[in-house]
Amino acid sequence: MALVNDNFLKLPGNYLFSDIAKKVNAFKVVHPEANLIRLGIGDVTRPLAPAVINALHSAVDEMGAEETFRGYGPEQGYRFLIDTIIKNDFEPRGVKLDPDEVFISDGAKSDTGNIGDILRHDNRVAVTDPVYPVYVDSNVMGVRAGDLQIDGRWSNIVYIPCTAENNFTPELPEKRVDMIYLCYPNNPTGTVLNKKQLKKWVDYALENEVLILFDAAYEAFIREEDVPHSIYEIKGAKQCAIEFRSFSKTAGFTGLRCGYTVVPKELMGRTPDGQKVSLNGLWNRRQCTKFNGTAYIIQKAAEAVYSPEGKAQVRATIDYYMENAKMIREGLEATGLQIFGGTNAPYIWLKTPQDVTSWKFFDRLLYECHVVGTPGVGFGPSGEGYFRLTAFGSRENTQEAIERIKNWKI
Ligand code: PLP
């Protein structure tokens, strides 16, 4: 019988959102009449932009005609999309990229999860804490995490706490690490790093030969001037960082699936005997073997995000969510709660009052306000005592949820 990768067995059985779903289902059995408002899961709710829909329709028509039908596309993505990305997402910010440094994919979850394929199992990994769970779980599968300890931490992972005490600014690790995941704007805390703060990380990575895995899935929500949209805005970052981007939150593609990853050609790793190897070449090899490209019609849809109409429509949707974020932030602040994030990100991170645990706060909010959020501890030990709300709901539901919380005796 085949032996399994028993690292999968080390993963805790219940995923955060299935625990939440169970609790919500139990609540619904007792209160079938309740008008439940969900500000928990990070999925979008607004429909796709008309420019995207038009592009999808015409791409579908192309697939139905003999002259324009397409089969397998390039594993790395079509040039029409890669060139559009470089021209719109990077050149205006002073970042020059070659087309073969950009890899189109079916989203940032796959790429942040799969990137470990090109990195050895004995690299030491650091994550900020709380953290998007995919980084940790994929390293458990990839044999880099060690064992789960009683305090909820994995023995071989270095956790860098990001809490109100340090203003959610991660300190450089004290221990030697080989790779670090940074996600800015951050899920779940909604906080950002400014240029100076991110430069500290780039300088540290260059000096210590550390690979930064920079997840910029929420880049489109940045509003403040001094916040970098791409890590490559920082000098030297091409020699130390891979960047992940996604159309999911930027343009409502959570159901269509498209993202991209930038692996600069000057970015090197090492073999155990010290020789330098291009990570771009390895990622290309990995993609060519295990990935057969994102669907043509989806890449045409992504291209339409950058058309003048597409840009305006997508911007209007992001503005809509950010107006929700403002409403949540201001509404909750008025109740005396301590609020973070929500200015450059669709996530609002709040400190639970009177130090109640994240799950206790979840239960009370569910049963007393009929509002669903996400317990901070689900994102890592340093998330205990915090709670996440998202701005991805409808305006009406967001407004109603905030009114309920305002009238709540917390
Ligand atoms: N990265 C972060 C930080 C996320 O929060 C998410 C989705 O919630 C993703 C990546 C996944 O993005 P995609 O839909 O492109 O797979």
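User: What is the distance between the C-alpha centres of domain 1 and domain 2?

Analyst: The C-alpha centres of domain 1 and domain 2 lie 26 Å apart. Domain 1 covers 14-46 + 309-406 and domain 2 covers 54-308, with bounds from an automatic or database domain assignment. This is a predicted model, where local features need pLDDT of at least 70, side-chain atom pairs count only at pLDDT 80 or more, and totals for chains, interfaces and linings use all residues. Residues are numbered from 1 along each chain as its sequence is written, and side-chain values use heavy atoms, leaving out hydrogens and water.

User: What makes Arg-223 and Asp-319 a salt bridge?

Analyst: A salt bridge is a side-chain nitrogen of Lys or Arg within 4 Å of a carboxyl oxygen of Asp or Glu. The side chains of Arg-223 and Asp-319 meet at 2.7 Å, N to O, so the pair fits the rule. The count between domain 1 and domain 2 is one salt bridge.

User: Which element gives the largest share of the side of domain 1 that touches domain 2?

Analyst: That is α11, with 10 residues; helices are DSSP runs (H or I, at least four residues), numbered from the N terminus.

User: How many residues are in contact between the domains?

Analyst: Contact means heavy atoms within 4.5 Å. By that rule, 31 residues of domain 1 are in contact with 40 residues of domain 2.

User: Why is an area given for the interface?

Analyst: Because interface size is often given as the accessible area lost when the parts come together. Buried area is that loss (1.4 Å probe), summed over both parts. Between domain 1 and domain 2 the value is about 2,900 Å², and carbon and sulfur atoms give 58% of the area.

Key
Buried area = accessible area lost by both parts, 1.4 Å probe. Helix = DSSP H or I, 4+ residues; strand = E, 2+ residues; numbered from the N terminus.
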